[in-house]
Amino acid sequence: MRDLLDRYQAMVGADFGHERHGPGRARWARSVKLQIDRETEALKRRQAEEAAATEARRAAEAKNAFAIYRAELGAEHERAMTVERARLSEVAKAHVAAYRARIDREHQIAEARRDELVYETLLSGEKSNRRLKQLERETTAFRNELASALALIEAHGLRPPSLSI
């Protein structure tokens, strides 16, 4: 029974100012009751103001933390982009060097063939002219392939060294 009365007091009686033991309601003079009500209202206002101030402080702290996080994230992104740019630059330089070496080899081969053809032309005329034209077509095709490779390298924002063929 005590447990029932305790629960009733907590759930119902306290809301209406009833005490668990004793008279059903506290009896105060009107002036005292009004003073208690004013103090209660003032206390509620102070608590609400403190809660609002606490919430505003938490929001400002969260905003500052987010700004710091965002700045750190931006700096990390910039560092990663710098590393990636450097890596791509090295890869492109390696490709340019490989193409340059290939161009030099092909150029030497073409010069040797041209010299052979000049010699053959002096010796055999028409047959050498056909071979010379074929080699010129091959050289033109190779130069076109080289130009497309260099365009691809430049598309990645790199400038290949000047090449002379």
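This briefing covers the fold, pockets, salt bridges and a surface patch of one protein chain. The model is predicted. The protein contains three helices and zero strands, and its elements follow the pattern α-α-α along the sequence. Of its 165 residues, 10% are buried.

**Helices and positions**

- Helix α1 spans residues 2-11 and helix α2 spans residues 30-124, with a loop between them that holds Val 12.
- Helix α3 covers residues 126-155.
- Val 118 sits in helix α2 and is partly exposed, at 45% relative accessibility.
- The C-alpha atom of Val 118 lies 9.0 Å from that of Asn 129, a residue 11 positions away along the chain.

**Largest pocket**

- The volume of the largest pocket is about 400 Å³.
- Its lining has 17 residues, and those closest to the pocket centre are Glu 106, Ala 110, Glu 111, Leu 135 and Thr 139.
- Helices α2 and α3 each contribute at least two residues to this lining.
- The biggest share of the lining comes from α2, which gives nine residues.
- Sorted by class, the lining of the largest pocket holds eight nonpolar, seven charged and two polar residues.

**Second largest pocket**

- The second largest pocket encloses about 180 Å³ of space.
- Its lining consists of Leu 88, Val 91, Ala 92, His 95, Tyr 99, Ala 149, Leu 152, Ile 153, His 156 and Leu 158.
- Here too, α2 and α3 each supply at least two lining residues.
- Helix α2 gives the most to the lining of the second largest pocket, with five residues.
- There are no charged residues in the lining of the second largest pocket, which has eight nonpolar and two polar ones.

**Salt bridges**

- Nine salt bridges are found in the whole structure.
- Glu 76 and Arg 79 form one of them, with an N to O distance of 2.7 Å.
- Glu 76 and Arg 79 are separated by about one helical turn, because they are three residues apart in helix α2.
- Both partners are partly exposed: Glu 76 has a relative accessible area of 42%, and Arg 79 has one of 48%.
- Arg 85 pairs with Glu 78 in a salt bridge whose closest N and O atoms are 3.7 Å apart.
- In this pair, Arg 85 is partly exposed at 47% relative accessible area, and Glu 78 is partly exposed at 41%.
- A salt bridge also joins Arg 100 to Asp 104, where the closest N and O atoms are 3.9 Å apart.
- Because Arg 100 and Asp 104 are four residues apart in helix α2, about one helical turn separates them.
- Arg 100 is partly exposed, with a relative accessible area of 29%, and Asp 104 is likewise partly exposed, at 33%.

**Nonpolar surface patch**

- Tyr 8, Met 11, Val 12 and Phe 16 make up a nonpolar patch on the surface, and their accessible area together is about 450 Å².
- One member of the patch, Val 12, lies in the loop between α1 and α2.
- Val 12 has a relative accessible area of 31%, so this residue counts as partly exposed.
- Patch membership requires over 30% relative accessible area, and Val 12 has 31%.

Technical notes:
Residues are numbered from 1 along each chain as its sequence is written. This is a predicted model: local features need pLDDT of at least 70, side-chain atom pairs count only at pLDDT 80 or more; totals for chains, interfaces and linings use all residues. Side-chain values use heavy atoms; hydrogens and water are left out. Patches are made of residues with over 30% relative accessible area and no salt bridge: like charges are joined within 9 Å, nonpolar side chains (Val, Leu, Ile, Met, Phe, Trp, Tyr) within 5 Å. Accessible areas come from the Shrake-Rupley method with a 1.4 Å probe; for residues, only the protein chains shown count as cover. A salt bridge is a side-chain nitrogen of Lys or Arg within 4 Å of a carboxyl oxygen of Asp or Glu. Buried means under 20% relative accessible area, exposed over 50%, partly exposed in between (1.4 Å probe, protein chains only). On a 1 Å grid over the protein atoms alone, a cavity is a set of points where a 1.4 Å probe fits but cannot get out, and a pocket is an open set with protein on both sides within 12 Å along at least five of seven lines; lining residues have an atom within 4 Å of a point. Grid points are joined across faces, edges and corners, and a volume is the space filled by probe spheres set on the points. Ala, Val, Leu, Ile, Met, Phe, Trp, Tyr, Cys and Pro count as nonpolar, Asp, Glu, Lys and Arg as charged, and the others, Gly among them, as polar.
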